[in-house]
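I am opening a notebook page on this chain and will write down what I looked up, entry by entry. The order follows my own curiosity rather than the sequence.

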Amino acid sequence: MTVSSKSINPMLIEKPWGYYTDIYRPHDKKVVFKKIVVDPGEQLSEQYHKKRMEFWYIVGGEGVITIDNFDLFVSEGCHVVIQPNEKHMVKNTGVIPLEIYETQAGQCDEKDIVRLSDIYGRSNE
């Protein structure tokens with residue numbers, strides 16, 4: 001299968017915790033590949049997704065990933081799989097940015113985020 005440049009929309013999205021960059025996001029959104037960078041001391045919201053699973057691979061930094069109230073201490077080389085409806089969050093506990101490559105599979109839509117808690121005051125935007 002050939003992927004045309006029309007099917008990819010690379011972009012950097014700034015967030016209060018750092019940023020993410022879409023590396024591959026085709027129009028059908030059945031699979032998405034992105035890089036997530038969490039600044040030291042920052043964290044993503046506690047959330048879950050109804051229609052997609054995620055695979056996270058840590059390429060730098062260290063932190064804590066919480067999945068269904070179970071804490072995993074992670075650093076370079078660690079990976080986790082997050083199934084649909086599993087509550088999850090990540091916090092950078094180190095002094096350098098926490099870098100994560102994320103692969104999503106299923107119905108990959110940024111609107112499929114159910115926030116349970118968020119230190120930045122965001123709701124389900």
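**Core.** Before counting anything, I fixed what I mean by a nonpolar core: a set of buried Ala, Val, Leu, Ile, Met, Phe, Trp, Tyr and Cys residues joined through side-chain atoms within 4.5 Å. I keep in mind throughout that the model is predicted. With that in place, I found that the largest such core holds 15 residues, and that V38, W56, I65, V90 and I100 are the ones touching the most other members. I then asked which elements give two or more residues to this core. They are strand 3 (31–38), strand 5 (52–60), strand 6 (62–67), strand 8 (79–82) and strand 10 (98–106).

**V38 and Q43.** I took V38 from that list and looked up its contacts, leaving aside neighbours within four places in sequence; I noted W17, Q43, L44, V90, N92, P97 and L98. Q43 made me curious, and I located it in the loop between strand 3 and strand 4 (46–48). Is Q43 buried or exposed? At 15% relative accessibility Q43 counts as buried, because the cut-off for buried is under 20%. Beyond four places in sequence, Q43 touches W17, V38, M89, V90, K91, I119 and Y120.

**Strand 6.** I turned next to strand 6, where five of the six residues are buried, so the strand is largely enclosed by the rest of the structure. Which strands pair with it? I found an antiparallel pairing with strand 7 (residues 70–75) over six bridges, and another antiparallel pairing with strand 9 (residues 88–92) over five bridges. T66 serves me as a reference point in both pairings, since I see T66 opposite D71 in strand 7 and opposite M89 in strand 9. The hairpin of strand 6 and strand 7 has two residues between the strands, and there D68 takes a positive phi near 45°.

**Other positive phi values.** I searched for further cases, bearing in mind that most residues other than glycine have a negative phi. K29, which is not a glycine, has a positive phi of about 55°; I place K29 in the loop between strand 2 (18–24) and strand 3, where it is partly exposed with a relative accessible area of 33%. N85, also not a glycine, has a positive phi of about 70°; I place N85 in the loop between strand 8 and strand 9, and at 45% relative accessibility N85 counts as partly exposed.

**Aromatic rings.** How many aromatic pairs does the structure hold? I found one. The pair is formed by F33 and Y101, whose rings are stacked at 5.6 Å centre to centre with 15° between the planes. F33 lies in strand 3 and Y101 in strand 10, so the pair ties together parts that are 68 residues apart in sequence. I checked the exposure of both partners and noted that F33 is partly exposed at 31% relative accessibility, while Y101 is partly exposed with a relative accessible area of 27%. As a separate ring entry, I recorded that K34 lies over the face of Y20, at 3.8 Å from the ring centre.

**V31 and C108.** I looked up V31, which is found in strand 3 and counts as partly exposed at 33% relative accessibility. The C-alpha atoms of V31 and A105 are separated by 4.5 Å, although the two residues are 74 residues apart along the chain. Leaving aside neighbours within four places in sequence, I listed the contacts of V31 as Y24, P26, T103, Q104 and C108. The last of these led me to C108 itself, which sits in the loop between strand 10 and strand 11 (114–117) and counts as buried at 1% relative accessibility. With sequence neighbours within four places left aside, C108 is in contact with R25, K29, K30, V31, V32 and R52. I also noted 9.8 Å between the C-alpha atoms of C108 and P26, residues that are 82 residues apart along the chain.

**Confidence.** Finally I looked up how far the prediction vouches for itself. The protein chain averages a pLDDT of 91, and 90% of the residues score at least 70. Over residues 1–7, however, pLDDT stays under 50, and for this stretch the model has seven contacts beyond four places in sequence.

Terms used. Residues are numbered from 1 along each chain as its sequence is written. This is a predicted model: local features need pLDDT of at least 70, side-chain atom pairs count only at pLDDT 80 or more; totals for chains, interfaces and linings use all residues. Side-chain values use heavy atoms; hydrogens and water are left out. Buried means under 20% relative accessible area, exposed over 50%, partly exposed in between (1.4 Å probe, protein chains only). Helices (H or I, at least four residues) and strands (E, at least two) are DSSP runs, numbered from the N terminus. Contact means heavy atoms within 4.5 Å. Rings of Phe, Tyr and Trp (its six-membered ring) pair if their centres lie within 6.5 Å; planes under 30 degrees apart count as stacked, over 60 as edge-to-face and the rest as tilted. A charge sits over a ring if NZ of Lys or CZ of Arg is within 6 Å of the ring centre and within 35 degrees of the ring normal. Two strands pair if DSSP finds at least two bridges between them. pLDDT is the predictor's confidence in each residue, from 0 to 100.
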